[in-house]
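Got your viewer open and your selection box ready? Let's walk through this one stop by stop.

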Amino acid sequence: RKWSLSGSGCPEPNLGAPGSSLQAARPARAVLAPNGALRLPPGPGVAMTSELDIFVGNTTLIDEDVYRLWLDGYSVSDAVALRVRSGILEQTGATAAVLQSDTMDHYRTFHMLERLLHAPPKLLHQLIFQIPPSRQALLIERYYAFDEAFVREVLGKKLSKGTKKDLDDISTKTGITLKSCRRQFDNFKRVFKVVEEMRGSLVDNIQQHFLLSDRLARDYAAIVFFANNRFETGKKKLQYLSFGDFAYCAELMIQNWTLGAVDSQVDDMDVDLDKEFLQDLKELKMLVADKDLLDLHKSLVCTALRGKLGVFSEMEANFKNLSRGLVNVAAKLTHNKDVRDLFVDLVEKFVEPCRSDHWPLSDVRVFLNQYSASVHSLDGFRHQALWDRYMGTLRGCLLRLYHE
């Protein structure tokens, strides 16, 4: 339809958002001409001077491919070029002008939706955009999705203006557009600000306030946990580790080493490490400081694993160094700097020595299981529960960090 409007101003009320219902101001006076043009007769303030293409619809249309281009930070012109390259003009028979108009219309819609996506429950309860629930979920999930390459660059860093200034360099390094980097960083910061001081499960709080899937909420919980505790992840020796490796370890630590692991009524339960637990870990020092205890521990492990490890001789020769490394990591966690360097220390003290001796992952698993269990047979050791809480998590982390 073609709708003729006055040159001195449009008499219609607010036409609403793209894709929403449009209401004409003078439906009784509109005339449908034989050629299909919808015309208003001349009157005060009305002149036949221009024509507009108007689409009247009800449900807001979401093109997933265009949404992806918008999220990836492409401009309208770049998005149009990419759509042309995909062959969409040949597939639909549309003209380049129509494709340009379609892309711009989608971008306007996404721009207006963005403020609602910052607080996803608002998207569910607003009445401007009529979007089916399945489409709402898709919009939210994809808006908060992130690139592995990007999150590895900022994981463990303070989510502040200082880090945001580095986004230009991160964009250049990763090949991710600056606009997309900013969206992802702002999402991390927004989630962190909302949930950092909340009582209750970190994953549940994220799901409640941002309506993310369970997997994505767990990933954001890891990002929040790492940002709060400032774990070092950028050192060269840690570059072989993926975000998934760190997220797995974060989940184990949240479940076992935080305040929430022992008291569900404590504020910030899943964000802060249990300081009392970290202080108590100094008691484990006796496992390597007491020579008799260390020798007995070695004897128990070697007796149990003789003939069961392909690297038995290497393990026997390096047992004391490996044990000192694991126990000393625990004893140093009372200091913030040592907490931040946890993954650096684990790689230096355990992963690299085993890797240099060519331990297969299966032998690492067998050794860690026996190493942890044998402590229960040490008569002179009285901190079994503390040991289990520490090694239960550490064993899982080490197995994940050990890439053959």
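What follows is a tour of charges, salt bridges, loops and a few long-range pairs. Keep in mind as you click around that this is a predicted model.

**Stop 1: a buried arginine**

Select Arg152 to begin; you'll find Arg152 in helix 7, which covers residues 148-154. Which side chain of opposite charge is nearest to Arg152? That would be Glu148, at 5.3 Å, and Arg152 has no salt bridge even though the residue is buried. A salt bridge here needs the nitrogen and the carboxyl oxygen within 4 Å.

Now show the backbone oxygens around Arg152. The one on Leu238 sits 3.1 Å from a polar atom of the Arg152 side chain. Add Thr233 as well: its backbone oxygen is 3.3 Å from a polar atom of that arginine side chain.

**Stop 2: across from helix 7 to helix 9**

Stay in helix 7, but move to Glu153. The Glu153 side chain makes a salt bridge with the side chain of Lys173, with N to O at 3.1 Å. This pair links distant parts of the chain, since Glu153 belongs to helix 7 and Lys173 to helix 9 (residues 167-174), 20 residues apart. Try colouring by accessibility here. Glu153 counts as buried because its relative accessible area is 19%, and the cut-off for buried is under 20%. Lys173, on the other hand, is exposed, at 60% relative accessibility.

**Stop 3: a longer reach in sequence**

Next, select Asp245 and Arg400 together. Their side chains meet in a salt bridge, 2.8 Å from N to O. Asp245 is part of helix 13 (residues 243-256) and Arg400 is part of helix 21 (residues 384-401), so this bridge ties together parts 155 residues apart in sequence. Buried or exposed: what is Asp245? Buried, because its relative accessible area is 3%. Arg400 is partly exposed, with a value of 31%.

While you're in helix 21, pick Gly396, which is also placed in that helix. Gly396 is buried, with 15% relative accessible area. Then draw a C-alpha to C-alpha distance from Gly396 to Cys249: you should get 7.4 Å, for two residues 147 apart in sequence.

**Stop 4: another bridge, then a network**

Go to Lys332 and Asp338. Their side chains form a salt bridge too, with an N to O distance of 3.8 Å. The lysine, Lys332, is partly exposed at 32% relative accessible area, while Asp338 is buried at 15%. Now switch the selection to Asp63, Arg83 and Asp102. Salt bridges with shared partners join these three into one network. If you'd like to highlight every salt bridge, a search of the whole structure turns up 20.

**Stop 5: a positive patch**

Turn on the surface and select Lys158, Lys193, Arg230 and Arg340, which together form a positive surface patch. Zoom in on Arg340, in helix 18 (residues 336-340). Arg340 is partly exposed, having a relative accessible area of 34%. That value qualifies, because patch residues need over 30% relative accessible area and no salt bridge.

**Stop 6: two loops with positive phi**

For the backbone-minded, what is phi near at Leu211? About 55 degrees, a positive value in a residue that isn't glycine. You'll find Leu211 in the loop between helix 11 (202-210) and helix 12 (214-229). Leu211 is partly exposed, at 30% relative accessible area.

The second loop to visit runs between helix 19 (342-356) and helix 20 (361-374), and His358 lies in it. Phi of His358 is near 60 degrees, again positive in a non-glycine residue. At 66% relative accessibility, His358 counts as exposed.

**Last stop: helix 11**

Finish by selecting Gln208, in helix 11. Gln208 is exposed, with a relative accessible area of 54%. How many residues along the chain separate Gln208 from Pro120? They are 88 residues apart, and their C-alpha atoms are separated by 9.6 Å. Leave that distance label on, and the tour is done.

How values were computed
Residues are numbered from 1 along each chain as its sequence is written. This is a predicted model: local features need pLDDT of at least 70, side-chain atom pairs count only at pLDDT 80 or more; totals for chains, interfaces and linings use all residues. Side-chain values use heavy atoms; hydrogens and water are left out. Patches are made of residues with over 30% relative accessible area and no salt bridge: like charges are joined within 9 Å, nonpolar side chains (Val, Leu, Ile, Met, Phe, Trp, Tyr) within 5 Å. Accessible areas come from the Shrake-Rupley method with a 1.4 Å probe; for residues, only the protein chains shown count as cover. Lys and Arg count as positive and Asp and Glu as negative; His and the chain ends are not counted. The place of a charge is taken as NZ of Lys, CZ of Arg, CG of Asp or CD of Glu. Helices (H or I, at least four residues) and strands (E, at least two) are DSSP runs, numbered from the N terminus. Buried means under 20% relative accessible area, exposed over 50%, partly exposed in between (1.4 Å probe, protein chains only). A polar contact is a pair of N or O atoms within 3.5 Å; within protein, one must be able to donate a hydrogen and the other to accept it, and residues adjacent in sequence count only if both atoms are side-chain atoms.
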